[in-house]
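Open the model in your viewer and keep the sequence panel visible. The tour goes from one selection to the next.

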Amino acid sequence: MTAATHDAPAVAARAALKLPYTHVDDIFIDAAWTPARGTGRNPVTDPATGEVWGSVPDGTPEDVDAAVCSARRAFDAGEWPRLAPSVRAAYLLRIADEVEKRAGELSLTNTRENGSPVSESAGAAANAAGIFRYFATLADYLEREDVRAFPNGGGESVVRREPIGVCALIAPWNFPINLVVIKLAPALLAGCTVVIKPASPTPLSLRVIIDAVAAAGVPAGVVNLVTGSGRLGDALVKHPGVDKVAFTGSTPVGRKIAAACGELLRPVTLELGGKSSAIVLPDADLDAMSKVLIRSSMRNTGQTCYISTRILAPASRYEEVVDMVTTTIAGGKQGDPLDPDTVFGPCATESQYRTVLEYVESGLAEGARATTGGRAASLGGGLESGYFVEPTVFADVTADMRISREEIFGPVICILKYNDADGSAEEAVALANNTEFGLGGLVFGRDPEAALAVADRMDTGSVGINFFASNHAAPFGGRHDSGLGTEYGVEGLNAYLSYKSIHRKV
């Protein structure tokens, strides 16, 4: 490292950080940080600089077995499943408080792991705490007596909601904290015990969540953490001591997990990929749309499953939409994710960086027009080896192009044209539904009833009207290749329950 590089702003910013975890040798089992069985290591790389700054154990099947056995004992013989739901809810509230105390270290660890700008990761602790607090409000749902009369009289059934058992929670690298917490919170409220396996690029931020769980006094064995590569996740999914699997990640990996769970007749929740569309109606307010565009269509440098990376614009306003989208995206600052002013950071991993560049090259080769971006970014100040791709907007995109059909998971937006000469949005809806996915979507329009009517015709799990956000109280799930089951809301809690009907004479 030259003196000039050593003095670079990005290098100095990282040298000043005081993070709780960098190189670690242990995993969390039975309420204690325990040395891993194997000697293998997984590096943790800062995608903004290419620097390896941390490492964790590359776990073994023996590590998985120890974690699952810990969770099994806590479920079969421990107090957690037998506590009143309101008591478990009190633990969730304490966890929420402990997570918020660790907001700074959680944010900065997250940003160093996957390059999410601190403007994004700074909200992770508050969002995670909000999830714990929301599910705590559902304790009454679990405690409410549910007695159902026989339709023909003569008897009744007492319906019990019981925890499903030991749950394997497998997280992705794009939102490593909240996409675990949305599984962990309902599982804990239901009375389940868990083994968490974070994605291999982002294993350290989850340790901060474990610290919050431990500080809240959650009993031994209820929450366990193992780290390692994809093969470790495979061992966890297939372990005979696991009763349910919850996974967020890519569709190809989700198919493999679904196949394994199908063979085992094991319940599974899968939150997978997306290729969502934003339908711009002819009366849309483009100025208002510009204010929510980045969060709705390129959040987290495009590494968000539900964002609408396909903009479907009416022919009558196509160039106007292209100009607005181009200006908005080009105006977002790309740079060091530790800089609070940065909007677009790097791709989270080197492999993802290469994948995104391949898609960009594919778009250009197939005739799409890059109105901004369209190449690897060249940044200085210590970021020369980072995995940066220029935020890219493609116009003149047709439905048959790869960039229009396949999930890119990077800073790329495609703008397609639909015919609005007849005053309807039929062609736009058909374009939006012409995909193997079905996770998110948007409708931009001034007439709320007309926008709602279009949203109703979109074949997808969630649709936003003039903005998009996740609601902790509303179900979130995908259709088709975007997954199985739902998270959030009471529906997300039900995924961790097993039902028993006790029939009796009145």
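## Stop 1: two packed helices

Select Ile 95, Glu 98 and Val 99 in helix 4, then add Ile 209, Ala 212, Val 213 and Ala 215 in helix 10; these two sets of residues meet each other. By class, the residues of this contact between helix 4 and helix 10 are six nonpolar, no polar and one charged. Keep in mind that the model is a predicted one.

Now widen the selection to the whole of both helices: residues 85–101 for helix 4 and residues 205–215 for helix 10. Two numbers describe a pair of packed helices: the angle between their axes and the distance between the axes. Here the angle is about 135°, and the axes are 8 Å apart. Helix 4 is therefore oblique to helix 10. Helix 4 passes helix 10 in a right-handed crossing.

## Stop 2: an open sheet

Next, select the sheet. In what order do its seven strands lie? The order is 14-15-16-13-12-17-18, the sheet is open, and its pairing is mixed. Colour residues 369–372 and 464–465 to pick out the edge strands, strand 14 and strand 18, each of which pairs on one side only.

Stay at strand 14 and add strand 15, residues 392–397. The two strands run antiparallel and are joined by three bridges. To look at one residue pair, select Thr 372 and Val 393: Val 393, in strand 15, is the bridge partner of Thr 372.

Then show residues 350–365, which form helix 15. This helix lies across strand 14, strand 15 and strand 16 (412–418). Relative to strand 15, helix 15 runs at about 30°.

## Stop 3: two residues with positive phi

Most residues other than glycine have a negative phi. The last two selections have a positive one.

Select Leu 265, in the loop between helix 12 (251–264) and strand 11 (268–271). Its phi is near 55°, a positive value in a residue other than glycine. Is Leu 265 buried or exposed? The relative accessibility of Leu 265 is 78%, so Leu 265 counts as exposed.

Finally, go to His 480, in the loop between strand 18 and strand 19 (483–484). His 480 is not a glycine either, yet its phi is positive, about 55°. With a relative accessibility of 48%, His 480 counts as partly exposed, because the exposed class begins over 50%.

How values were computed: Residues are numbered from 1 along each chain as its sequence is written. This is a predicted model: local features need pLDDT of at least 70, side-chain atom pairs count only at pLDDT 80 or more; totals for chains, interfaces and linings use all residues. Side-chain values use heavy atoms; hydrogens and water are left out. Two strands pair if DSSP finds at least two bridges between them. Helices (H or I, at least four residues) and strands (E, at least two) are DSSP runs, numbered from the N terminus. Contact means heavy atoms within 4.5 Å. Axes are lines fitted to C-alpha atoms, for helices over the stretch in contact, and angles run from 0 to 180 degrees between N-to-C directions. Angles under 35 degrees count as roughly parallel, over 145 as roughly antiparallel, 65 to 115 as roughly perpendicular and the rest as oblique. A crossing is left-handed if the near helix is turned anticlockwise from the far one by less than a right angle, and right-handed if clockwise. Ala, Val, Leu, Ile, Met, Phe, Trp, Tyr, Cys and Pro count as nonpolar, Asp, Glu, Lys and Arg as charged, and the others, Gly among them, as polar. Buried means under 20% relative accessible area, exposed over 50%, partly exposed in between (1.4 Å probe, protein chains only).
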